[in-house]
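I opened my notebook to follow how the strands of this model are arranged. I wanted to begin with the whole sheet and then look up a few single places in it.

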Amino acid sequence: MLGLLIAVALTASPARLTPDAVRARYSGIRSLSADVVQVKEGRFWARPLESRVRLRYTPEQIVWEAVSPVRSTVTIEGDRLVVSDAAGKTRELGALAGDPRVVALLGFIRSLISVDLDALERDFTIRYGDGELVATPRDGSRLKLFESIRLRFDARDDLAGMELVTATERTRLSFQNVER
């Protein structure tokens, strides 16, 4: 009998995610760190590329540190984007920083990582399902390059994964060791 109850519990689908649950969990988030497995695949890729990343987020700064297969660090502070290679050589976004599309993209990344629903809803229509939300660009969105974005949450409404789809590429992110 106990085995049957455990089997039923393990196969039960996650509860339907609600905007209120997500807002309650992520409202006013001050920091988040996680180990991330990123898999990119697409029309122009010979095979899927898997990267291991260490993510650190605060409202002031996002640090995306790739630890394999190639070490590099991307830092976003405000409208600044700086890329550092394995040798520590840095390149700043520079002239592109004034491009409204780049500014929109940097704001989107910040909103996505912090699960800021109000910011996401400005450019996307959001549908809620069992343990996930799916966002598709609104007409006139500055972020039309994305066809869809899927965020998956675990039973505690912690972010467990993301999928970003464009016309030519799909990126899947799996979050582990998440600390808030």
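I looked first at the sheet of this predicted model, and I found eleven strands forming an open sheet in the order β6-β5-β4-β3-β2-β1-β11-β10-β9-β8-β7, with antiparallel pairing. At the edges I noted β6 (90-92) and β7 (124-129), each of which pairs on one side only. From one strand to the next, I read a twist that averages 20 degrees. I reminded myself that strands of a sheet pair through backbone hydrogen bonds, either parallel or antiparallel.

Next I followed β9. Strand β8 (residues 132-137) is joined to strand β9 (residues 146-153) by four bridges, and the two run antiparallel; here I looked up Ala-135, whose bridge partner in β9 is Ile-149. I then counted seven bridges between β9 and strand β10 (residues 159-166), again an antiparallel pair, and for Arg-152 I found Gly-161 as the bridge partner in β10. I also noted that β9 and β10 form a hairpin with five residues between them, and that Asp-157 in the turn has a positive phi of about 65 degrees.

I turned to helix α3 (residues 100-113), which lies across several strands, including β4, β9 and β10, and runs at about 20 degrees to β9.

Last, I picked Thr-73, which sits in strand β4 (residues 72-77). Which residues does Thr-73 contact, leaving aside its neighbours within four places in sequence? I listed Val-63, Trp-64, Glu-65, Val-82, Val-83 and Ser-84. I also checked Val-53, which is 20 residues from Thr-73 in sequence and 9.2 Å from it in space, C-alpha to C-alpha.

Definitions and conventions: Residues numbered from 1 in each chain as written. Predicted model: local features only at pLDDT ≥ 70, side-chain atom pairs only at ≥ 80, totals over all residues. Heavy atoms only, no water. Contact = heavy atoms within 4.5 Å. Pairing = 2+ DSSP bridges. Axes fitted to C-alpha atoms, helices over the stretch in contact; angles between N-to-C directions.
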